[in-house]
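User: I'm new to this one. Please zoom in on the place where the two chains meet, then work outwards from there so I can see how it fits with the rest.

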Amino acid sequence: MELQKRNPIVNWIIKSKALGILFFVIIGALAVFKLGQSLIDNPSLFLQQVINGLQLGFVYALIALGYTMVYGIVRLINFAHGDVFMVGAFSSYYAIARFNLHLWVVALFPGVPVFAGQIIGTFTVIIFSMLICALLSFTIERIAYKPLRNAPRISALITAIGISFFLEYFSALKFVFSSNYITYKRPFDVKTWFVGPGGFGMIETGIAPPKGSIIFSNIFIIIVITSILLLFLLQYIVRRTKIGKAMRTVAYDKPTARLMGINVDAVISITFAIGAALAGAAGVLYSIAFSQVFFFMGITPGLKAFVAAVLGGIGSIPGAFIGALIMGQAETMAAAYISTPMRDAIAFSILIIVLLVRPKGIMGEITSEKV
Amino acid sequence: MKHFKSNTLLFILGSVLVFAVIQVLISTGILNAFWGTILRLAGVMAIVSLGLNLIYGFNGQFSLGQFGFYAIGAYTAADITYRWTQLHNALGLSVILFAGLLVGAAIMAIGVLVGKMRGLDTLSAFAIYLGGVLVAVLIAIRIGILTSAPVTALLATLPENIALTIVYLFAVLLGGIIAAEISFLFGLPIFTLGSDYFGIATLGFTIIIKVLLDNSDTMFGFEEMKGARGMIGIPKITTWFWVFFFLFFTVVVIRNLLNSSYGRAIVSIREDETAATAMGINVAYYKNITFVIGSLFAGLAGGLYAHINGFLHPNTFSFIKSFDPLIIVVFGGLGSVTGTVAASFGWALVLEGVLRLVLPEGFETWRFVVYPVLLLVMMLLKPAGLFGNFEIPFIRAVIPPLKKKDEAVNSASSKEAA
């Protein structure tokens with residue numbers, strides 16, 4: 001009866017959800033307008049930002065994978081993950097600055113070309129950090145999370161926060177990593193190239209590249225290659241190996257997995273270790289890119305990667321990857337065209353808006369397989 | 001006296017006794033300024049945590065946004081008193097007073113309107129509310145600027161002390177009201193998300209507020225807030241009396257709320273959302289009202305906090321610190337008012353007081369190394385919190401018992417997992 005009395009315009013508004021859609025259309029149009037304007041104004045600057053965003057996005061992706069795997073398997077937001085990333089960065093710093101781990105090829109086989117030796121050395125450092133982080137995360141899981149497996153979920157969350165505090169402030173002690181900003185020595189020589197209307201070539205020191213060209217360095221190439229390699233490795237482990245199958249099973253249904261003879265605790269520990277290894281690799285790549293390490297460095301990238309994981313649909317591996325790429329783009333675009341100090345706020349605004357449209361994240365419901 | 005039960009009488013007597021003893025200790029100087037500040041901070045933290053306990057412990061909404069509303073309350077209140085004491089005008093007071101009133105009126109009016117449009121989706125409703133609130137704020141700013149001079153003149157006729165106290169009380173209350181109104185707007189669309197996603201969105205809110213405060217002077221023109229340099233020059237007028245008064249008020253309000261039909265609806269949503277809906281409870285409405293009340297307390301506490309040290313910095317409301325109320329609530333026992341109050345006092349006394357004194361010279365930085373270890377050990381030994389379900393008799397009488405010791409606090413989240 002009430003429906004008949006209503007004004008037809010009001011009825012239409014309610015039926016079509018016009019106002020809510022209008023709200024999003026306005027926000028989306030503003031963003032598209034701003035980005036389009038920037039692209040037309042200065043295409044090379046815009047593409048340069050895309051490159052920078054990709055570099056950041058691939059690092060975030062590696063961290064986000066750890067968040068998403070752990071959440072998928074034990075439903076825990078592992079707040080200590082960002083600090084594991086920090087430990088990864090520091091262990092690579094010590095491996096390079098104190099033990100010259102990146103020079104082992106050159107030292108053992110003097111005939112090897114310098115460049116090849118450096119690349120192999122860099123990968124050695126990355127693998128070293130991955131091992132350290134995997135070990136650390138394995139220990140954390142055994143000490144702090146395993147005893148609480150049957151306790152309310154919030155207890156494990158509080159423990160995760162506690163572990164995060166502990167790693168941060170313990171690292172800040174003088175005899176551990178100290179509370180200073182430390183300059184990071186890159187394990188290879190940085191080379192930069194330009195590409196654009198002026199052609200393609202290497203940038204020599206002291207000579208400016210032609211106007212309107214895009215600059216990228218071997219840092220970018222190493223980050224992208226390492227991330228993609230690790231992503232494929234992870235996909236292989238999850239999809240093709242026995243342990244991956246076990247992980248998917250445990251994520252799907254723990255009690256049944258146990259009945260099928262799967263050692264659930266071991267699988268969970270391995271998941272933590274794999275996630276942490278990826279974070280360790282991300283720590284090395286991040287420090288190579290920004291050439292600086294300090295004890296709080298895990299908080300912001302960790303948070304961004306977490307946002308990326310949620311944005312992509314937490315629990316989904318491709319989702320984490322897509323979310324991280326979006327996050328990287330959003331951060332560089334926001335810093336370049338809106339305001340540098342506001343970029344954290346913009347990252348979270350994007351998250352909230354995306355969650356309103358897709359409450360389980362971008363890939364949240366499409367992928368049925370969750371790890 | 002006939003209407004008072006003995007529990008109530010005992011509670012009031014006990015509160016007055018506790019207040020009086022500490023007040024005497026502070027006045028006579030047995031508790032020095034250091035411990036006085038810690039006690040006030042503990043009281044403020046107790047109010048924030050009680051707000052969170054209402055949202056998370058009693059209604060089952062996993063919120064990490066409490067410190068965002070705390071920050072809003074703190075900066076709102078600080079701005080009002082700063083303008084009164086340093087700039088000698090009531091511009092802040094009158095603008096924010098009218099903003100609080102008009103926005104409240106607008107929300108209620110739109111609430112009636114939206115209530116008539118049955119079947120309206122949440123986002124459209126949010127868009128209507130947002131538009132209405134923006135209009136109300138613009139009008140409030142105009143009225144506030146116009147009435148600023150007469151309000152200043154009126155307050156100037158009063159003795160200085162009384163005028164300052166009036167401005168201070170208005171500031172604290174308005175801090176709470178503004179925080180509550182913002183929480184209403186923010187909560188409206190967010191409640192459609194699942195429990196963990198709700199937590200993440202509210203965490204995002206805290207971080208957005210922190211970033212906005214970092215840039216408050218350069219981007220938003222609030223020169224007096226000084227952005228990331230920290231706001232100074234706020235009068236230090238929060239005494240133990242005011243902290244205790246507001247803490248008492250909070251406990252009584254929460255107790256009475258839980259005793260009402262609202263409280264039973266709130267707790268029933270924690271126990272089982274589907275069953276609550278089946279019983280005819282408007283889940284979205286009660287979730288929102290709980291969130292608003294919890295945020296109101298956070299805002300009040302923020303107003304009190306701003307006037308303790310006379311200094312505010314956005315880093316106080318950072319990502320790391322925003323876990324403090326959650327830690328306190330879980331520590332004290334989810335859904336235990338007594339536990340929350342005890343835990344916040346214990347937390348502040350141990351972390352700020354005892355650890356500072358116990359650690360030897362040169363080991364000050366170990367404070368935050370010992371704290372997480374304590375946290376870990378406590379969590380491993382008592383996962384259900386220090387007090388679990390324990391309540392003092394005054395509150396115990398009204399709270400429905402938890403369904404099962406561990407499962408109930410977790411029911412909202414485990415449902416999603418299943």
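Analyst: Let's start with one helix pair: helix 15 of chain A and helix 7 of chain B are roughly antiparallel to each other, because their angle falls in the class over 145 degrees (under 35 is roughly parallel, 65 to 115 roughly perpendicular, the rest oblique). Keep in mind that this is a predicted model, where local features need pLDDT of at least 70 and side-chain atom pairs count only at 80 or more, while totals for chains, interfaces and linings use all residues. Residues are numbered from 1 along each chain as its sequence is written, and chains are lettered from A, ligands numbered from 1, in the order in which they are written.

Helix 15 covers residues 343-357 of chain A, and its axis comes within 9 Å of that of helix 7 of chain B, crossing at roughly 150°. (Helices are DSSP runs of H or I with at least four residues, strands are E runs of at least two, both numbered from the N terminus; axes are lines fitted to C-alpha atoms, for helices over the stretch in contact, and angles run from 0 to 180 degrees between N-to-C directions.) The crossing of these two helices is left-handed, meaning that the near helix is turned anticlockwise from the far one by less than a right angle; clockwise would be right-handed.

Who touches whom? Helix 15 of chain A brings A:Asp344, A:Ala345, A:Phe348, A:Ser349, A:Leu351, A:Ile352 and A:Leu355. From helix 7 of chain B come B:Tyr197, B:Ala201, B:Gly204, B:Ile207, B:Ile208, B:Val211 and B:Leu212. Contact here means C-beta atoms, placed from the backbone, within 7 Å. By class, eleven of these residues are nonpolar, two polar and one charged. (Nonpolar covers Ala, Val, Leu, Ile, Met, Phe, Trp, Tyr, Cys and Pro; charged is Asp, Glu, Lys and Arg; the others, Gly among them, are polar.)

Now step back to the whole meeting place. On chain B, 43 residues are in contact with 44 residues of chain A. Besides helix 7 (195-214), the elements giving two or more residues to chain B's side are helix 5 (122-156), helix 12 (324-332), helix 14 (367-381) and helix 16 (411-417). That side of chain B divides into 31 nonpolar, nine polar and three charged residues.

Next, look inside chain A. Helix 4 (residues 43-74) and helix 14 (residues 317-338) of chain A pack with their axes 7 Å apart, at an angle of about 140°. That angle makes helix 4 of chain A oblique to helix 14 of chain A, and their crossing is right-handed. Their contact has 15 nonpolar residues, nine polar and one charged.

Chain A also has an open sheet of three strands in the order 3-2-4, with antiparallel pairing (strands pair if DSSP finds at least two bridges between them). Strand 3 and strand 4 of chain A are its edges, each pairing on one side only, and the twist averages 20° from one strand to the next. Helix 4 of chain A packs on this sheet, touching strand 2 and strand 4 of chain A, and its direction makes about 20° with that of strand 4. Four bridges join strand 2 (residues 192-196) to strand 4 (residues 214-217), and four join strand 2 to strand 3 (residues 199-202). A:Phe194 partners A:Ile215 in strand 4 and A:Gly201 in strand 3. Strand 2 and strand 3 of chain A form a hairpin with two residues between them, and A:Gly196 stands opposite A:Gly199 in strand 3.

Back in chain B, helix 9 (residues 261-271) and helix 11 (residues 283-309) cross at roughly 105°, their axes coming within 10 Å, so they are roughly perpendicular. There, B:Ala265, B:Ile266 and B:Ile269 of helix 9 meet B:Val283, B:Tyr286, B:Lys287 and B:Thr290 of helix 11.

Definitions and conventions. Two residues are in contact if their C-beta atoms, placed from the backbone, lie within 7 Å.
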